[in-house]
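Here are a few exercises to work through with the model open beside you. Try each one yourself before you read the solution.

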Amino acid sequence: MNRATAASFVAAWCANWCRVDIDAVVAHFADDAQMRSPLALTLTGSPTVTGAENIRAYWRKAYGHIETADLKILGWSWDEAIARLTVWWQLGDTRASEFMDFDDAGRVVRSEAFYGK
């Protein structure tokens with residue numbers, strides 16, 4: 001993955017979340033990926049969700065009732081040395097930063113979200 005590929009990923013990731021297309025978002029994750037979020041702690045009792053299928057189930061529980069979302073990308077950065085993408089986004093009054101680490105195949109192996117106002 002390089003900066004141009006990262007830019008394409010961010011655009012697709014945002015579009016997928018705006019459509020609340022959870023399957024499309026999860027398709028970018030490795031089978032054994034880990035996702036960490038304070039919302040996961042609230043909904044599952046653990047801040048970490050492991051495995052693409054468990055991430056899919058968690059996101060369906062958290063967001064499956066929403067049909068569309070007006071997610072706005074505030075900025076992003078790509079660190080090629082460690083294959084990490086960081087995205088700053090806003091949805092309504094909620095602002096967040098989220099990092100995603102990628103494997104050599106360009107799949108997310110680890111992500112973590114941080115929320116604020």
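**Exercise 1.** Work out whether Arg56 is buried or exposed in this predicted model, and list what it touches.

*Solution.* Start with the location: Arg56 belongs to helix 4. Next, check the accessibility. Its relative value is 15%, and the cut-off for buried is under 20%, so Arg56 counts as buried. Last, look at the contacts. Once you set aside neighbours within four places in sequence, Arg56 is in contact with Ile22, Asp23 and Val26.

**Exercise 2.** Do the same for Ser37: find where it lies, whether it is buried or exposed, and what it touches.

*Solution.* Ser37 lies in the loop between strand 1 and helix 3 (38–44). Its relative accessible area is 2%, so with the cut-off at under 20% Ser37 is buried. Now the contacts, not counting residues up to four places away in sequence: Ser37 touches Pro47, Tyr58, Ala113 and Tyr115.

**Exercise 3.** Describe the sheet: in what order do the six strands come, and which are the edge strands?

*Solution.* Read across the sheet and you get the order 2-1-6-5-4-3. The sheet is open, and its pairing is mixed. For the edges, look for strands that pair on one side only: these are strand 2 (48–50) and strand 3 (72–79). From one strand to the next, the twist averages 15 degrees.

Now go to one edge. Strand 2 is joined to strand 1 by three bridges, and the two run antiparallel. Within that pairing, Met35 has Val49 in strand 2 as its bridge partner.

Then add the helices. Helix 1 packs on the sheet and touches strand 3, strand 4, strand 5 and strand 6. The direction of helix 1 makes about 150 degrees with that of strand 3. Helix 4 also packs on the sheet, touching strand 1, strand 2 and strand 6. Its direction makes about 50 degrees with that of strand 1.

**Exercise 4.** Take a closer look at strand 5: how many bridges join it to strand 4, and how many to strand 6?

*Solution.* Take strand 4 to begin with. Eight bridges link it to strand 5, and the two are antiparallel. Here Thr86 stands opposite Phe99 of strand 5. The hairpin has two residues between these strands, and Gly92 in it takes a positive phi near 65 degrees.

Now turn to strand 6 (residues 108–116). It pairs with strand 5 over eight bridges, in the antiparallel sense. Glu98 sits opposite Ala113 in strand 6. This hairpin has five residues between the strands, and its Gly106 has a positive phi near 80 degrees.

One more step: count the buried residues. Seven of the nine in strand 5 are buried, so the strand is largely enclosed by the rest of the structure. While you're there, find Arg84, which lies over the face of Phe99, at 3.8 Å from the ring centre.

**Exercise 5.** Find the largest nonpolar core: how many residues does it have, and which have the most contacts inside it?

*Solution.* The core has 32 residues. Those with the most contacts inside it are Trp13, Trp17, Ile55, Trp59, Leu85, Met100 and Phe102. To see where the core comes from, go through the elements that each supply at least two residues: helix 1 (3–18), helix 2 (22–26), strand 1 (29–36), helix 4 (52–63), strand 4 (84–91) and strand 5 (94–102).

Try zooming in on Trp13. Skip residues up to four places away in sequence, and it touches Val25, Leu71, Ile73, Val87, Trp89, Glu98 and Met100.

**Exercise 6.** How many aromatic pairs does the structure hold, and which parts of the chain does the pair of Phe9 and Phe102 link?

*Solution.* There are seven aromatic pairs. Phe9 and Phe102 make an edge-to-face one, 5.1 Å centre to centre with 90 degrees between the planes. Phe9 is in helix 1 and Phe102 in strand 5, 93 residues apart, so this pair links distant parts of the chain. Phe9 counts as buried at 8% relative accessibility, and Phe102 is buried with a relative accessible area of 8%.

Now compare Phe29 and Trp59. They are also edge-to-face, with 5.5 Å centre to centre and 80 degrees between the planes. Phe29 lies in strand 1 and Trp59 in helix 4, so the pair ties together parts 30 residues apart in sequence. Both are buried. Finally, Trp17, Phe29, Trp59 and Tyr63 form one aromatic cluster.

Notes
Residues numbered from 1 in each chain as written. Predicted model: local features only at pLDDT ≥ 70, side-chain atom pairs only at ≥ 80, totals over all residues. Heavy atoms only, no water. Core = buried A, V, L, I, M, F, W, Y, C linked by side-chain atoms within 4.5 Å. Buried < 20%, exposed > 50% of the residue type's maximum accessible area, 1.4 Å probe, protein only. Helix = DSSP H or I, 4+ residues; strand = E, 2+ residues; numbered from the N terminus. Contact = heavy atoms within 4.5 Å. Pairing = 2+ DSSP bridges. Axes fitted to C-alpha atoms, helices over the stretch in contact; angles between N-to-C directions. Phe/Tyr/Trp six-rings, centres within 6.5 Å; stacked < 30°, edge-to-face > 60°. Lys NZ or Arg CZ within 6 Å of the ring centre and 35° of its normal.
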